[in-house]
Amino acid sequence: MTKRMALVIQDNVYSKKLMAYMRRHPLAEGWSFSLFTSWSSFKASELAGDTVDLLLVEDIAGSALDETWLYPIAILGTSIEHDSVACKSLKKYQALPQLLRQLMDYYQERSSVLQGRDTGQAQASFSNKQTNIITVYSGSGGSGKSTLAVHLAHAAGSLRERIFLLNMEYWNSLPLWTGTVNRTDSKRASGLSELLFQIKSNASGDNWTLPQKRHERLQFEYMEPFSHPDDRHMLTSDDALHIIHTIAEKGLYNSLIVDLDSPPDGKGVVQASLLEVSRKVVWILGEGRAALYKEEKILQCMEQQSPEQFRQLLTKILFIHRGQYSDLPVKLQRLCSQAQFHPLPTIKQQQLNQREQLNISAELRAAAGTIWSVCSAVRRVQHAR
């Protein structure tokens, strides 16, 4: 059912720009928009029986608001603070993708309250699911993280495990393995953008469909990357948890392998949430002194920010390194001694085949099989409990 957003904005140039952007963005699919230049004209429309699901007003009009409205209200501007369950202040002059995402997040939050649904339930429910969540992570780029994630999924799939590989990178390299480079239609929401749109537009979770694909050669299922880059950059921790939860809820997979990169902004809110719900974290240490120094600093920062949470995380980490334990700096050795450690072979740089796909490395595939046995042992122990 189409939802209606009413906008009360006097700034004609701004309103036209905002309306044009929202009407063509996938997150705004399923919405109709009505623009009013004055508060009185909006009130006249309401009195005539027009329904409203979300109201967006400039702060100049916001001064006429009271506390009797039955729908969420967002106020553009900085001079008025109206943050409450039913009313929220937003910056008028900010990037439009960010503004639209904040609007949709607020509407989803408000809808969750009206339906008695707590967004925190997604995280709590993971402990009751049989899906084994394994996150492949690295604090430095170029570590071979995505390559290992693909080989890990392939190794598990070869053992007839039902595997879903979810690449949550900012710049997703999975199409190089699946052979779908340049095949995504950027004019419509597809893959992860399609699922995110369903989550945003239907907060209750009813009738969410999973736009998954199966790769027979690699023997796992996956989703195409975000078709709109803004969707990944503006992803919230709640969004990420709902994506994970949607896949786990289907009950189709023994394991969900998440390919997760370090955040470009250094905040890592999404990363922290996904690491927390994972049963196993395969952490690939970078090569070279500079990369290892960066890994060391990231781990030290995590330890200082939340010592208890970090100790719990260490019990789940399997550190991977292209070298021996003795090659690591002393501080990293200390951290690795509190977790698990496994060496990884060095492989040659891979080339695209005739189908523009990267090939599986037999040597790395064998190492991934060993790593998988460690990860699956965690699942067997937890299921036995």
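**A walk from strand β7 to helices α12 and α13**

Begin by selecting strand β7 in this predicted model, and look at how its side chains are arranged: Ile163, Leu165 and Asn167 point one way from the strand, while Phe164 and Leu166 point the other way, and all of them are buried. Since the strand covers residues 163–167 and 5 of its 5 residues are buried, β7 is largely enclosed by the rest of the structure. Buried here means that a residue has under 20% relative accessible area.

Next, keep β7 on screen and add strand β10, residues 255–260, which runs parallel to β7 and is joined to it by 5 bridges. To find a place where the two strands meet, select Leu165 and then Ile257, the residue of β10 that stands opposite it.

Now add strand β9, residues 220–222, which also pairs with β7: these two strands run parallel and are joined by 2 bridges. Here the residues to select are Phe164 of β7 and Glu221 of β9, which stand opposite each other.

For the last stop, move along the chain to helix α12, residues 289–305, and helix α13, residues 307–314, which pack with their axes 5 Å apart and at an angle of about 130 degrees. Because of that angle, α12 is oblique to α13. If you show the side chains where the helices touch, you will find Leu299, Met302, Glu303, Gln304 and Gln305 on α12, together with Pro307, Phe310 and Leu313 on α13. Colouring this contact by residue class would pick out 5 nonpolar, 2 polar and 1 charged residues.

How values were computed. Residues numbered from 1 in each chain as written. Predicted model: local features only at pLDDT ≥ 70, side-chain atom pairs only at ≥ 80, totals over all residues. Heavy atoms only, no water. Buried < 20%, exposed > 50% of the residue type's maximum accessible area, 1.4 Å probe, protein only. Helix = DSSP H or I, 4+ residues; strand = E, 2+ residues; numbered from the N terminus. Pairing = 2+ DSSP bridges. Axes fitted to C-alpha atoms, helices over the stretch in contact; angles between N-to-C directions. Parallel < 35°, antiparallel > 145°, perpendicular 65-115°, else oblique. Contact = heavy atoms within 4.5 Å. Nonpolar A, V, L, I, M, F, W, Y, C, P; charged D, E, K, R; others polar.
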